[in-house]
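Let's take a friendly walk through a protein fold, one piece at a time. Have the picture open beside you as you read.

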Amino acid sequence: MRLDDLDQRIIGLLAEDARISNREAARLLGISDTAVRKRLKKLSDSGAAKITAVADSAALGMTTAVLVRVQTSPETARDVVEAMASFDEVSFAALMTGRFNIVLLVAAQSRQAVADIIHMHLRRRSGVHRVETVEIVSVAKHNLDIALVSRKR
């Protein structure tokens, strides 16, 4: 789906305040609330936009965050990334290019919980050759306004 200027402006308003009403968005954009509602339905139905709440992981007790890069055999990469994506602690799982072909973001209540996921589930998977972890100690920016994500294969 191709987004036009109005779609992008609606998404921009929601990125600023996801609780904005259709009526208020319509007022700010100079269109009817029916037009906003129809556009939002179209964006949602097509998968172009998703309105969701983002929880603060630290407030939920997830105090340890680790970036995990994984090198697998090419034929097992998709199975490995999909298996790891099934864990609640894995908030991001993607195939990528380069020396490592999978990247994961794992957030858990402790280093031990992260280690358990890595050693008991990831390293034991067939085709996993190398795992490199980096603990995130401070976040300078975490922008969720734009996520360049496609779940299509």
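## A residue at the edge

V134 is partly exposed, because its relative accessible area is 40%, and partly exposed covers values between the 20% limit for buried and the 50% limit for exposed. Keep in mind that this is a predicted model. V134 belongs to strand β4. Together with L67, I136 and V139, V134 makes a nonpolar patch on the surface, with an area of about 300 Å².

## The sheet around it

Where does β4 sit in the order of the sheet? The sheet is open and has four strands, arranged β2-β3-β1-β4 with antiparallel pairing. Strands β2 (90–95) and β4 (128–136) stand at the edges and have a single partner strand each, so one side of each lacks a neighbour in the sheet. From one strand to the next, the twist averages 15 degrees.

As general background, the strands of a sheet pair through backbone hydrogen bonds, and the pairing can be parallel or antiparallel.

Now look at β3, which covers residues 102–108. Is β3 largely enclosed or largely open? Six of its seven residues are buried, so β3 is largely enclosed by the rest of the structure. Strand β3 pairs with β2 through five bridges and with β1 through seven bridges, both times in the antiparallel sense.

Here are some residues that face each other across these pairings.

| Residue | Opposite residue in β3 |
|---|---|
| L95 | I102 |
| F92 | L105 |
| L67 | L105 |

Notice that L105 appears twice: F92 stands opposite L105, and L105 is also the bridge partner of L67. L67 is a residue you have met already, as one of the members of the nonpolar patch.

How do β2 and β3 connect? They form a hairpin with six residues between them. In the turn, G98 has a positive phi of about 105 degrees.

## Helices against the sheet

Two helices complete this tour. Helix α4 (residues 77–85) lies across β1 (64–72), β2, β3 and β4. Its direction runs at about 170 degrees to β2. Helix α5 (residues 111–122) also packs on the sheet, where it touches β1, β3 and β4. The direction of α5 makes about 15 degrees with that of β1.

Technical notes
Residues numbered from 1 in each chain as written. Predicted model: local features only at pLDDT ≥ 70, side-chain atom pairs only at ≥ 80, totals over all residues. Heavy atoms only, no water. Pairing = 2+ DSSP bridges. Helix = DSSP H or I, 4+ residues; strand = E, 2+ residues; numbered from the N terminus. Axes fitted to C-alpha atoms, helices over the stretch in contact; angles between N-to-C directions. Contact = heavy atoms within 4.5 Å. Patch = residues over 30% accessible without salt bridge, like charges linked within 9 Å, V, L, I, M, F, W, Y side chains within 5 Å. Areas by Shrake-Rupley, 256 points an atom, 1.4 Å probe, with all protein chains shown as cover. Salt bridge = Lys/Arg side-chain N within 4 Å of Asp/Glu carboxyl O. Buried < 20%, exposed > 50% of the residue type's maximum accessible area, 1.4 Å probe, protein only.
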